[in-house]
Amino acid sequence: MKIVVIGAGYVGLVSSVCFADFGHDVICVDINKEKIKQLRNGIIPIYEPGLDKILKKNIEAGRLSFSLDLERALKDTFVVFIAVNTPERRGSGEADLAYVMEAAKNIANFAENNTLVITKSTVPLGTNRRVHSVIKKENPNLIFDIASNPEFLREGSAIEDFQKPDRVIVGINNPSSKKVIQEIYKPLALKDYPIFFTSLESAETIKYSSNAFLATKISFINEIAELCERAGADIQDVAKGMGFDDRIGSKFLQAGPGYGGSCFPKDTSALIETARSYQVELNIIKSVIKVNEHVKLRMVEKVKNVLGRNINGSIISVLGVTFKPNTDDMREAPSLVIIPELVKLGAKIRVTDPQGIKEGSALLPKVKWYGDPYKSAVNSNMILILTEWNEFRDLDLMKLSNVMANPTMVDLRNIYKKDQVIASGFRSYESVGS
Ligand SMILES: NC(=O)c1ccc[n+]([C@@H]2O[C@H](COP(=O)([O-])OP(=O)(O)OC[C@H]3O[C@@H](n4cnc5c(N)ncnc54)[C@H](O)[C@@H]3O)[C@@H](O)[C@H]2O)c1
């Protein structure tokens, strides 16, 4: 089947590559000339493990190409996915749908009759019907249908998530579109991955509710972590003990510096705003956001407590700044709150991150970047672990403490054990929730 995907970001690019790998002929279209140029040369503009190999394989097989020209791409093609960004509209909490609506207008102008327009971007309740109206208004003669197919992939494991999904959610307007979707996802259906058809509105709500629920788990455990610290309990044992219960599950119960990334912060806010427009107050989700903001500042307090007055002028070696490991994405990373607060207090920040420098150098202008944690540690006063990259899980702690001026560690991802750190020459070790 011929498929056009609009948007070559984390979702559009991964979807394009994986649809091509299913055997479809895919053209991925973006408005960013540099991105398309790079992709045509086999250069991937984002860091996503495994993407390079499968991209190369499908380009070589002639199933995948990249284009700036939507009009040409849509010739003789009857399936088009919208996978453009839906950021938060500045300060409003609402999703900015300008990119989606622009894509819809372009589709209206160039699509063939009988095209199915499928929204993969995360869009609030009612957006798919708006997409329908925009296309209809722009080109009243076009015969087309719409479907909602929100994406659940996680950066860092995007290929695996796309190829082995927990579920594929599809909102349809018209039963005849079901067959097209079934054809697109046939390789997954053959392997018994669930493909769940529902209404447009329910599909839109499933996506936002899923993200809001996961964010709730994180804020919940972070709040309990604060209690554990005060009361002498250990959050890792608490989370483990809770997680044995199948109804709760152990995933997303790791205490840390709060959630970030391109989805949870904007999607929780957008869901609140959508609900508000229906006169519904989402009090749980409001608290989730409040706790997440609090936890980041609480982490700054932790560092202050260790360094005391000496924080002014102290050198802190930060390990990890991306919002999670295995991505270069810095959107809403906790580091973007924590590091500037430490800079304000006079700390000198050095950063090591396997992939963060490309995005991070503009966002964190007052830090020095290091390629090697051991070099970054020389004469420093603290190792501050912000992101649990595998590269930081098994450091030679003795080697680190030997080169530091005052070996202390604040481990916001709980990847080390206190006894081990202290036995390796550190004067103090602080983690989250114990
Ligand atoms: N990143 C994730 O992990 C993730 C996971 C699930 C869902 N989502 C959702 O998927 C959507 C895309 O997210 P992303 O992270 O891939 O965004 P992104 O910012 O990485 O990429 C979006 C791309 O769309 C392009 N674009 C914008 N308008 C365009 C237009 N009119 N025509 C062609 N290209 C256009 C941009 O140039 C950009 O390359 C969002 O709604 C997001 O919430 C993201």
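This is a short walk through one predicted model, from its ligand site to its strands and a few single residues.

Some housekeeping, then. Residues are numbered from 1 along each chain as its sequence is written, and side-chain values use heavy atoms, with hydrogens and water left out. Since we're on a prediction, local features need pLDDT of at least 70 and side-chain atom pairs count only at pLDDT 80 or more, while totals for chains, interfaces and linings use all residues.

Okay, the ligand. Which residues come nearest to it? Out of 26 residues around the ligand, those are Asp30, Lys35, Thr86, Glu155 and Lys266. Being near here means having a heavy atom within 4 Å of the molecule or strand in question.

Let's take three of those residues in turn. I'll be talking about polar contacts, meaning a pair of N or O atoms within 3.5 Å; within protein, one must be able to donate a hydrogen and the other to accept it, and residues adjacent in sequence count only if both atoms are side-chain atoms. In Asp30, a side-chain N or O atom sits 2.6 Å from a ligand oxygen. For Thr86, the distance from a side-chain N or O atom to an oxygen of the ligand is 2.5 Å. Glu155 deals with a nitrogen instead: a polar atom of its side chain is 2.8 Å from a nitrogen atom of the ligand.

How much of the ligand does the protein bury? On its own the ligand exposes 840 Å², and the protein buries 92% of that. Those areas come from the Shrake-Rupley method with a 1.4 Å probe, and for residues only the protein chains shown count as cover.

So which elements give two or more residues to the shell? They are helix H1 (10-21) and helix H5 (98-110). When I say helix I mean a DSSP run of H or I with at least four residues, a strand is a run of E with at least two, and they're numbered from the N terminus. In composition, the shell has 11 nonpolar, seven polar and eight charged residues. For that split, Ala, Val, Leu, Ile, Met, Phe, Trp, Tyr, Cys and Pro are nonpolar, Asp, Glu, Lys and Arg are charged, and the others, Gly among them, are polar. Domain 1 (2-198) and domain 2 (208-286) each supply at least three residues to the shell, with the bounds coming from an automatic or database domain assignment.

Now the strands. I'll call a residue buried under 20% relative accessible area, exposed over 50%, and partly exposed in between, using a 1.4 Å probe and protein chains only. Strand E9 (residues 315-319) is mostly covered, with five of its five residues buried. Ile315, Ser317 and Leu319 point one way from E9, while Ile316 and Val318 point the other way. E9 pairs with E10 in the parallel sense over five bridges, where pairing takes at least two DSSP bridges between two strands. One of the partnerships is Val318 with Val351 in E10.

Just before E10 comes a loop, running from helix H14 (335-344) to strand E10 (348-352), and Ala347 is in it. Ala347 is buried because its relative accessible area is 7%. Its C-alpha atom is 5.0 Å from that of Ser314, and the two residues are 33 apart along the chain.

Another parallel pair is E12 (residues 382-385) with E13, joined by three bridges. Ile383 is opposite Met409 in E13. From strand E13 (residues 408-411), Met409 and Asp411 point one way, Thr408 and Val410 the other, and all are buried.

Over to helix H8 (residues 176-184), which holds Ser177. Ser177 counts as buried because its relative accessibility is 4%. Its side chain makes a polar contact of 2.3 Å with the side chain of Asp145. After H8, in the loop leading to helix H9 (186-190), there's Tyr185. Tyr185 is buried too, at 2% relative accessibility.

Last stop, backbone oddities. Most residues other than glycine have a negative phi. Gln279, though, has a positive phi, near 60 degrees. Where is Gln279 found? It's in the loop between helix H12 (264-277) and helix H13 (283-307). Is Gln279 buried or exposed? Gln279 counts as exposed, because its relative accessibility is 71%. Asn379 also has a positive phi, near 65 degrees, and sits in the loop between helix H16 (373-377) and E12. Asn379 is partly exposed, at 48% relative accessibility.

That's my tour, thanks.
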